[in-house]
Amino acid sequence: MSRQKTTRQAPSAPAERLWPGLLWRIAKPLLLAGFGLAAGFLAPYFYVIDQRVAADFAALTWQVPTRVMARPLRLDVGVPMTVSGLRAELDAAGYREDGQGREAGSYGVNGESVQLTSRAFVDVDGPQPSRSVRVQLAQGRVRALTDLSGAPVRELRVDPARIATLYGEKREERRLVRLEDVPPLLVMSLQAVEDRDFKHHIGVDFSGIVRAAWINLREGEVRQGASTLTQQLARNLYLSREQALWRKVKEALHALAMERRFSKSQILEAYLNEIFLGQQGGQAIHGVAAAADFWFGRELVQLKPNEIALIIGMIRGPSYYDPRRQPERALARRNRVLNQMAETGLIDAATAEREAALPLGIKRNVGLAGNRAPAFLALVRTQLERDYKAADLRGAGLTIHTTLSPLAQSLAERAAREQLAELQTEDRPELQAAVVLTDSERGEVLALVGDREGEGSGFNRALDAQRPVGSLIKPFVYLLALAQPGRYALATPVEDQPIELRLPNGQTWAPSNADNQSHGTVTLLQALAQSYNQATVRLGMELGVDRVTRLIEALSGTRPPAHPSLLLGAVDMSPYQMAQLYQFVASGGRLQPLRAVRGVLDAQGATLTRYEKASDPAQPGDALAARLIGMALQEAARSGTGRRLYADGLGHLQPAGKTGTSNDSRDSWFAGYTGSHLAVVWVGNDGNAPTGLYGASGAMRVWTSLFKRLPSSPLNVGEDGLEFAWLAADNFALTDEGCPGARRFAFIRGYTPETHDGCPMARVRSWFGRGETQE
């Protein structure tokens, strides 16, 4: 049988040897021709790619978005602040409430004690280090600041919230980093997971392709990719993401060219700044530094192993492994990367197990800051236009530090939204609102609301609505008078009686009071606190309308027409212009242009422009006149047109304020200030229809709602340069305190009345009454 087998197989052996040779003879010229054609085509094509990479990669630059920041929160002993307010500020800045507050960008709350660790940042006046501080609050104020050892801390600046982003041609979020500034664990883990032979291959890892194919076949799923880091970078920089063989060839050729021309360090640094790691709406997140901030609210150096693992794990598919939309996938992928980090010895098994047990830990407020306060940002752009073209700001990697307070902005928006919802009735036209809130000491705009919803997507009423201001103008008539202490004082009598004025057009103007009554002889203090029209017009005509217009121009930059009706507010101004006008009296008589920008830093953190500066002190006469106006407006809040402030529980702030209403109640205004804040509010209708609202029933309600929640200081106008005296009830003369109807008034020192009107009988009665007990 063995011979039979042999005889049957022998004839077939030459045939088996013939076919391979035959096939090779047929295929060889075809293969050689194919290689020749490929070489003939690929060689010049590679040359073109090589030249392109040499030029483009060497000059590689990215458009880094310009970041617009709120103001840093300054905490010091005595500063107004509440636990809820501090929590809101920290949340807006992307802080994590972890209960401990020991890590940068975190805080913990225990009663009225807040432990926080600020993040390092570069402010307008230089770098600010990270600090761990315990903030003790009580009765709406900071009572103590101490470090971890219990030593007092003088001042803490909390890094500001990001409120907007100015992109270049592409809406790409990116923060450039140098390779040496990236945590070594991130760099080594990236290579361990994505490209273990990165240090040795020439741009294309042929052994890695074989290894990845074997592992994926063995596991039955895609567990390893075959693209090197260089290929991934080439794809991101030069190619589309289409799945095609020719694209893979181009990717490999670009990678080979990059490796031939540039060092591994240069390629790795570019990769770390370019890699795509997430999306929020139209904003694409590129680079590990932007991803650290986007997902965790951290700097790169603060990332923990599990956070590094999540970022690296997302490289394979940022959308597929999105930790907000696909948390289970993201968690599984992160833990798989942690295992790979342990397998390669980058972390030990115990660390991997501990880190894998942690939640994803992404920050609570989603992603990047959009334009949080568009109405305010319009003011920022306007002020920057003086020094920068709009195109020079976009995608320039700058940092714009503004004056916005996230807490104040959110509270102002809430007050406008809630109060207008309550005021809106079926028989009223659609109401709109504007709010301008400033720091009364520094002239910084802390919040600006341009519409009732705070969206600011349309007409910005705070800046652009020119509306009749009504009685809001009156304090500046009285300010002009009180700046002449030889002629006028708060106690100076003025007649609130009917008055007729012949106008240049031949018509007669006869203003009346809101209550249609005349009140006879009143003091300047009474006339302003009660907002008497007839007394104000008489005073203004004595002073000269033209002088009033020049004063308004000097304080606001806007000169109204010199018409007698100006004295009662028949002039159109915006809420922002009125805030600028009132800033003078709220700041104690300082000429203080309002500003929304503190400074601009370049991409390296150096200051390009600084707008923040100490304001000039008030002139002595201006300070004294502003102090007297403050007292009169405090009286308006206590017993005059703004007395509802006290009824609504704001008496502890001792506010100064003035209502304003235009003809037919078309516009409702209120301007008021405390020891630390000034706010001007307008409520009305865009179509100029009557609303039925007065200053006290409309705008003042928004103001009250805001200041009920806003941490603010009581107003103490001070007594420097003033002296107080008792005046007779019906005579501008000094009298004794015990005289019937005696009233106490403030005077600029040296300008009290020279005459004396005593009451001897009252003095005798007071002598005999001494020591008696009265019930």
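Author: A residue counts as buried when its relative accessible area is under 20%, as exposed when that area is over 50%, and as partly exposed in between. The structure discussed here is a predicted model.

Reader: Is C759 buried or exposed?

Author: The cut-off for a buried residue is a relative accessible area under 20%. The relative accessible area of C759 is 15%, so this cysteine is classed as buried.

Reader: With which residue does C759 form a disulfide?

Author: The structure holds one disulfide. Its sulfur atoms lie 1.6 Å apart, and the angle of -95° about the S-S bond makes the link left-handed. The partner has a relative accessibility of 7% and therefore also counts as buried. The residue that pairs with C759 is C739.

Reader: How many residues apart are C739 and C759, which link distant parts of the chain?

Author: C739 is located in the loop between β29 (722–727) and β30 (743–748). C759 is located in the loop between β30 and α25 (760–768). The separation of the two cysteines is 20 residues.

Reader: What share of the residues in the chain is buried?

Author: The chain has 25 helices and 30 strands. Under the cut-off of 20% relative accessible area, the buried share of its 775 residues is 52%.

Reader: What percentage of the contacts in the chain with a separation of 6 or more comes from residues 24 or more positions apart?

Author: The contacts considered are those with a separation of 6 or more. Among these contacts, residues 24 or more positions apart account for 68%.

Reader: Are helices α17 and α20 roughly parallel or roughly perpendicular to each other?

Author: Helix α17 (residues 474–482) packs against helix α20 (residues 545–556) with the axes 10 Å apart and an angle of about 105°. Angles of 65 to 115 degrees count as roughly perpendicular. The orientation of α17 and α20 is therefore roughly perpendicular.

Reader: How many residues of the contact of α17 with α20 are charged?

Author: On the α17 side, the contact involves F476, V477, L479 and L480, which meet R547, V548, L551 and L555 of α20. Seven of these residues are nonpolar and none is polar. The number of charged residues is one.

Reader: How many salt bridges does a search of the whole structure find?

Author: Side chains of opposite charge can pair when their charged atoms come close. A search of the whole structure for such salt bridges gives a total of 34.

Reader: How many residues apart in sequence are the parts that E103 and R298 tie together?

Author: E103 and R298 form a salt bridge whose closest N and O atoms are 3.2 Å apart. E103 lies in the loop between β3 (96–97) and β4 (106–110), and R298 in the loop between α9 (288–296) and α10 (305–314). The pair therefore ties together parts whose separation in sequence is 195 residues.

Reader: Which residue, with a relative accessible area of 5%, is buried?

Author: In the salt bridge of E103 with R298, E103 is partly exposed because its relative accessible area is 30%. The buried partner, with an area of 5%, is R298.

Reader: With which residue does R157 form a salt bridge?

Author: The closest N and O atoms of this pair are 2.6 Å apart. R157 belongs to strand β10 (residues 156–158), and its partner, 34 residues away, belongs to strand β6 (residues 121–123). R157 is buried at 13% relative accessible area, and the partner counts as buried at 1%. The partner of R157 is D123.

Reader: By about how many helical turns are R638 and E635 separated?

Author: R638 and E635 form a salt bridge with their closest N and O atoms 3.0 Å apart. R638 counts as partly exposed at 40% relative accessibility, as does E635 at 23%. The two residues are three residues apart in helix α22 (residues 620–639), so their separation is about one helical turn.

Reader: Where does Q139 lie?

Author: Most residues other than glycine have a negative phi. Q139 has a positive phi, near 55°, and counts as exposed because its relative accessibility is 71%. Its position is the loop between β8 (132–138) and β9 (141–146).

Reader: What value is phi of N516 near?

Author: N516 lies in the loop between β21 (508–509) and β22 (520–523). Its relative accessibility of 61% is over the cut-off of 50%, so N516 counts as exposed. Phi of this residue, which is not glycine, is positive and near 60°.

Technical notes:
Residues numbered from 1 in each chain as written. Predicted model: local features only at pLDDT ≥ 70, side-chain atom pairs only at ≥ 80, totals over all residues. Heavy atoms only, no water. Disulfide = S-S within 2.5 Å. Helix = DSSP H or I, 4+ residues; strand = E, 2+ residues; numbered from the N terminus. Buried < 20%, exposed > 50% of the residue type's maximum accessible area, 1.4 Å probe, protein only. Axes fitted to C-alpha atoms, helices over the stretch in contact; angles between N-to-C directions. Parallel < 35°, antiparallel > 145°, perpendicular 65-115°, else oblique. Contact = heavy atoms within 4.5 Å. Nonpolar A, V, L, I, M, F, W, Y, C, P; charged D, E, K, R; others polar. Salt bridge = Lys/Arg side-chain N within 4 Å of Asp/Glu carboxyl O.
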